Amino acid sequence: MFACIYMPNFPVAAVFRAEPELRAQAMAIFEGKPPLEKVFAVNESAGRMGIAPGMTKAQAELCSELTLRPRSLLQESAAHAALLDCAQSFSPCVEDAAAGTAILDLAGMESLFGTPLEIACEVFRRAADLGLDANVALAANPDAAVLAARGISGVTVIPPGKEGESLGSLPVEVLFVEGDEKKEDGQKKSDVLPATLERWGIRNLHALAALPEVALSERLGQEGLRMQQLARGAASRTLVPVEEPVVFEEAVELDYSIVLLEPLAFLLNRLLEQICARLASRALNTQELRLTLELQNLTGTDPESDTVGIPSESDAVENSDQSSTQHFVSGRQSKFCRTLRLPLPMLDPKLFLKLLQLDLNAHPPGAPITKIHLAAEPARPRPGQGGLFLPPSPEPEKLELTLARIAGLVGEARVGSLELLDTHRAEAFRMKRFVPEAISAARENILAEEKSPVAALRMFRPPLRASVTLENGEPVCVVCAKKKEAQGSVVWKAGPWRSSGDWWEREAWARDEWDIALQNADGTVLYRLVHDLLGGGWYVEGTYD
């Protein structure tokens with residue numbers, strides 16, 4: 001069995017998916033350059049008012065109850081991608097037949113989804129969940145399913161062997177739906193054949209299927225025979241599978257630029273819900289979101305003439321030295337990009353919206369926004385099973401939101417976990433993104449192992465500056481003004497241990513370390529004494545417990 005998902009009046013359906021509130025209104029879509037804009041497509045309500053494709057925009061504007069929208073190829077591309085996601089959530093073999101049309105191979109799907117009627121109803125329901133106004137038809141061959149979906153609204157299931165009988169009442173226009181032909185001469189054939197069949201008095205597929213094959217071939221050639229096979233429901237072919245998308249994208253073009261973050265958040269919420277619905281239909285999560293905002297050109301320079309130098313704000317840590325850069329755009333900077341990287345795969349549109357709001361509050365675009373583009377990298381969902389004897393940990397979604405709020409208060413460079421650098425420099429580290437790590441087997445068994453006693457060094461931060469008396473290059477007396485206990489005569493010492501590094505950079509360092517025992521009123525205490533060889537200073541760095 002094969003299934004076809006078909007979206008009638010596809011340009012209008014794409015707008016309805018992006019703006020669901022327009023479904024109850026009369027709407028027309030126009031295209032072209034001013035002042036030659038013409039109506040391209042209308043919905044049923046607009047058609048009843050007398051609005052028809054081909055009318056000029058000025059003529060359509062005379063109807064006060066009509067809502068006009070420009071044709072958006074971005075919205076149509078996003079709607080078609082959502083249609084393919086819906087189809088691929090049921091079958092791995094999906095053909096991208098035309099704009100607004102997808103064909104599924106349902107071989108072996110009965111054991112997963114039930115009877116053909118149950119499969120068709122489930123496909124129809126999932127398409128509706130994705131905001132798609134579609135017809136669904138099932139048949140024994142793909143072309144019969146396509147014709148049934150084009151001509152019959154709702155859900156249709158054609159039993160095997162009943163294709164010709166089920167398709168016979170459909171008008172011949174279902175064979176010439178716009179977008180079906182992709183060749184250059186396809187439009188010429190779709191204009192000539194309907195006119196010829198109209199002159200012959202052929203109104204439906206039953207009449208076309210009843211014509212003699214030899215006579216039809218003599219007058220219309222192989223194309224006529226192909227049409228007759230389609231009308232009989234006897235055509236058979238192999239599907240051409242479409243590749244799965246690498247990135248899930250949604251975009252919206254704005255008629256008027258927006259400046260405030262509140263209306264931007266409203267649009268982002270809609271895009272996030274659409275992307276999350278598409279990911280959920282494929283049983284996927286996301287671990288990276290990329291937001292691209294096209295900004296209004298404030299200098300009068302044509303941004304298309306020079307597209308070099310698009311700013312990237314993805315990594316605030318790496319670009320912290322450029323934090324004073326202005327975000328107002330010019331002809332060279334017409335896009336504002338932000339990347340939201342998550343520690344674990346997630347699928348929560350409300351969480352994503354809050355994280356984007358916090359990020360945009362900290363990094364505002366700085367210019368009016370004319371277009372919004374949102375992309376999500378798909379990732380497999382994380383396993384949710386935990387150990388019985390592990391301590392409870394916070395939910396990753398709440399933890400990520402808490403870290404984002406803290407970063408908004410203290411700065412992104414001051415939030416995260418420490419990562420030791422591969423160097424001998426004391427306390428050399430950098431901040432990295434906090435990612436919860438699983439407890440390793442060695443850590444679980446560490447309590448069972450017997451450890452030998454070790455001395456712990458308690459660091460002073462910052463190190464305490466000291467005055468040191470030397471004898472033969474070795475410390476014999478230490479005086480520390482900030483800590484009275486860390487001064488006295490040196491009764492024992494070990495060292496020095498010399499280390500140095502980064503001599504090829506401006507932050508070169510070199511130091512000698514001593515372990516010393518000082519005799520004071522409280523007794524003998526062990527300290528770590530450090531001599532900065534480049535600066536010449538002495539410091540008490542810590543004490544041994």
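A residue is called buried when its relative accessible area is under 20%, exposed when that area is over 50%, and partly exposed in between. Glutamate 419 has a relative accessible area of 27%, so this residue counts as partly exposed. The structure described here is a predicted model, and the salt bridges around glutamate 419 make a convenient way into it.

The model holds 35 salt bridges in total. In one of them, glutamate 419 is joined to arginine 430, with 3.1 Å between the closest N and O atoms. Glutamate 419 belongs to strand S13 (residues 417-420) and arginine 430 to strand S14 (residues 429-432), so the bridge ties together parts that lie eleven residues apart in sequence. Arginine 430 has a relative accessible area of 48%, and so is partly exposed as well.

A second bridge brings together the side chains of aspartate 502 and arginine 425, at 3.7 Å from N to O. Here both partners sit in loops: aspartate 502 in the one between strand S17 (488-501) and strand S18 (509-520), and arginine 425 in the one between S13 and S14, so the pair ties together parts 77 residues apart in sequence. The two partners fall into separate classes of exposure, since aspartate 502 is buried at 17% relative accessible area, whereas arginine 425 is partly exposed at 33%.

A third bridge links the side chains of arginine 528 and glutamate 513 at 3.3 Å, again from N to O. Arginine 528 is part of strand S19 (residues 523-532) and glutamate 513 is part of strand S18, so this pair ties together parts 15 residues apart in sequence. Both arginine 528 and glutamate 513 are buried.

Arginine 528 also appears in the surroundings of tyrosine 539, a residue of strand S20 (residues 538-544). Leaving aside residues up to four places away in sequence, tyrosine 539 touches Arg528, Leu529, Val530 and Asp532, along with Pro463, Leu464, Arg465 and Ala466. Serine 467 is 72 residues away from tyrosine 539 in sequence, yet the two are 8.2 Å apart in space, C-alpha to C-alpha. Tyrosine 539 itself is partly exposed, with a relative accessible area of 25%.

Attention now turns to the earlier part of the chain. Three strands form an open sheet there in the order S3-S2-S4, with mixed pairing. Strand S3 (38-42) and strand S4 (66-70) are the edge strands, and each has a single partner, so one side of each has no neighbour in the sheet. From one strand to the next, the twist averages 40 degrees. Strand S2 (residues 26-31) runs antiparallel to S3, and four bridges join the two. Among the residues involved is phenylalanine 30, whose bridge partner in S3 is valine 39.

Helix H1 (residues 10-18) packs on this sheet and touches S2, S3 and S4, its direction making about 115 degrees with that of S2. Nine of the nine residues of H1 are buried, so the helix is largely enclosed by the rest of the structure. Its cover includes the three strands S2, S3 and S4, and also helix H4 (73-88), strand S9 (248-258) and helix H12 (261-281). Among the buried residues of H1 is Arg17, which is linked with Asp85, Glu250, Arg278 and Arg282 in a network of salt bridges.

Strand S1 (residues 2-6) is likewise largely enclosed by the rest of the structure, because five of its five residues are buried. Phe2, Cys4 and Tyr6 point one way from S1, while Ala3 and Ile5 point the other way. Strand S1 is joined by five bridges to strand S7 (residues 135-139), and the two run antiparallel; alanine 3 has leucine 138 as its bridge partner in S7. Strand S6 (residues 101-105) also pairs with S1 in the antiparallel sense, over five bridges, and there phenylalanine 2 has aspartate 105 as its bridge partner.

The final feature is on the surface. Leu117, Phe124, Val155 and Val157 make a nonpolar patch of about 290 Å². Helix H6 (116-129) and strand S8 (155-157) each supply at least two residues of this patch, and leucine 117 is placed in H6.

Notes:
Residues numbered from 1 in each chain as written. Predicted model: local features only at pLDDT ≥ 70, side-chain atom pairs only at ≥ 80, totals over all residues. Heavy atoms only, no water. Patch = residues over 30% accessible without salt bridge, like charges linked within 9 Å, V, L, I, M, F, W, Y side chains within 5 Å. Areas by Shrake-Rupley, 256 points an atom, 1.4 Å probe, with all protein chains shown as cover. Salt bridge = Lys/Arg side-chain N within 4 Å of Asp/Glu carboxyl O. Pairing = 2+ DSSP bridges. Axes fitted to C-alpha atoms, helices over the stretch in contact; angles between N-to-C directions. Contact = heavy atoms within 4.5 Å. Buried < 20%, exposed > 50% of the residue type's maximum accessible area, 1.4 Å probe, protein only.
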